[in-house]
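Colleague: I'm new to reading protein models, and I'd love some company for this one. Could we go through it together, one question at a time?

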Amino acid sequence: MIARRSLLAALCVTAVFPGAKARAAQPVFYRSPGCGCCHVWTERMAEAGMPVTLEDSGELSALSARLGIPPGLEGCHVGEINGYVISGHVPPADIKRLLAGKPDARGLLVPGMPVGSPGMEMGDRVERYDVLLLAEDGSTAVFATYG
């Protein structure tokens, strides 16, 4: 029975993320080809003890839609950690708080590419931005505010 569940889980991942490789230790995140800030975000994740793998996808909008991210709230990279959707430059500390609290939600979003967010550092400059908690029904609530 366990083998069947593992197979079904792998098929689901492959259906949502074409070309996904089985990586139990590191979640896979997808970015638009050529977007360099995503690599810096993965460095911030690794520094926080949460390494992720990054792959290019020409279908980032479609992937985001399949994961239930409302139009206009997409980030420049997307993936899942422990069953939660993470989209955009979400600070690692907020992801850790999400995983510790285990709320009934889809995940966390940082729409766009706000200056000062992890991976978008520009000296001391920090735009005001919100980390949004994405509810199962697609609504959002502010999870954290920066800047």
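Modeller: Happily! Please keep in mind that this is a predicted model. Let's begin with one pair of strands: strand 1 (residues 28–31) and strand 3 (residues 77–81) run antiparallel and are joined by three bridges.

Colleague: Which residue in strand 3 stands opposite Phe 29?

Modeller: Strands of a sheet pair through backbone hydrogen bonds, either parallel or antiparallel. Here the two strands, strand 1 and strand 3, run antiparallel. Across from Phe 29, in strand 3, you will find Gly 79.

Colleague: What is the order of the strands in the open sheet?

Modeller: The sheet has seven strands, and their pairing is mixed. At the edges are strand 2 (53–56) and strand 7 (140–146), each of which pairs on one side only. From one strand to the next, the twist averages 25 degrees. Reading across the sheet, the order is 2-1-3-4-5-6-7.

Colleague: Which helix packs on the sheet and touches strand 3, and what angle does its direction make with that of strand 7?

Modeller: The helix to look for covers residues 92–101. Besides strand 3, it touches strand 4 (84–88), strand 5 (107–110), strand 6 (129–134) and strand 7. This is helix 4, and the angle with strand 7 is about 135 degrees.

Colleague: How many helices and strands does the whole chain have?

Modeller: You can follow them along the sequence, where the pattern is α-β-α-β-α-β-β-α-β-β-β. Each α there is a helix and each β a strand, and the totals come to four helices and seven strands.

Colleague: Why do the buried residues of helix 2 line one face of the helix?

Modeller: Helix 2 (residues 37–47) has Cys 37, Cys 38, Trp 41, Thr 42 and Met 45 buried. An α-helix has 3.6 residues a turn, so residues three or four places apart point the same way. The buried residues of helix 2 pack against strand 1, strand 2, strand 3, strand 4 and helix 4. Seen down the axis, they line one face because they fall within an arc of 145 degrees.

Colleague: Is Thr 42 buried or exposed?

Modeller: Thr 42 lies in helix 2. Leaving aside neighbours within four places in sequence, Thr 42 is in contact with Val 52 and Leu 54. Buried means under 20% relative accessible area. The value for Thr 42 is 11%, so this residue is buried.

Colleague: What about Cys 35, buried or exposed?

Modeller: Cys 35 sits in the loop between strand 1 and helix 2. Not counting neighbours within four places in sequence, Cys 35 is in contact with Cys 76 and Met 113. With a relative accessibility of 14%, Cys 35 counts as buried.

Colleague: How far apart in space are Cys 35 and Asp 56, C-alpha to C-alpha?

Modeller: Along the sequence, these two are 21 residues apart. In space, the distance from C-alpha to C-alpha is 8.9 Å.

Colleague: Which element gives the most residues to the largest nonpolar core?

Modeller: This core has 24 residues, and Ile 81, Ile 86, Ile 95, Leu 108 and Val 131 touch the most other members. Beyond its neighbours within four places in sequence, Ile 81 is in contact with residues including Phe 29, Met 45 and Leu 99. The elements giving two or more residues are helix 2, strand 4, helix 4, strand 5, strand 6 and strand 7. With four residues, the most comes from helix 2.

Colleague: Which residue of strand 7 is the bridge partner of Asp 130?

Modeller: Strand 6 and strand 7 run antiparallel, with six bridges joining them. The partner of Asp 130 in strand 7 is Thr 145.

Colleague: Which residue in the hairpin of strand 6 and strand 7 takes a positive phi?

Modeller: This hairpin has five residues between the strands. The residue you want touches Pro 70 and Arg 106, not counting residues up to four places away in sequence. Its C-alpha and that of Ala 105 are 9.1 Å apart, although 33 residues separate the two along the chain. With a phi near 90 degrees, the residue is Gly 138.

Colleague: Last one: what share of the residues of the protein chain count as buried?

Modeller: The chain has 147 residues, and its accessible surface comes to about 7,600 Å². Of that surface, 57% belongs to carbon and sulfur atoms. The share of residues that count as buried is 41%.

Technical notes: Residues numbered from 1 in each chain as written. Predicted model: local features only at pLDDT ≥ 70, side-chain atom pairs only at ≥ 80, totals over all residues. Heavy atoms only, no water. Pairing = 2+ DSSP bridges. Axes fitted to C-alpha atoms, helices over the stretch in contact; angles between N-to-C directions. Contact = heavy atoms within 4.5 Å. Buried < 20%, exposed > 50% of the residue type's maximum accessible area, 1.4 Å probe, protein only. Arc of directions from axis to C-beta. Core = buried A, V, L, I, M, F, W, Y, C linked by side-chain atoms within 4.5 Å. Areas by Shrake-Rupley, 256 points an atom, 1.4 Å probe, with all protein chains shown as cover.
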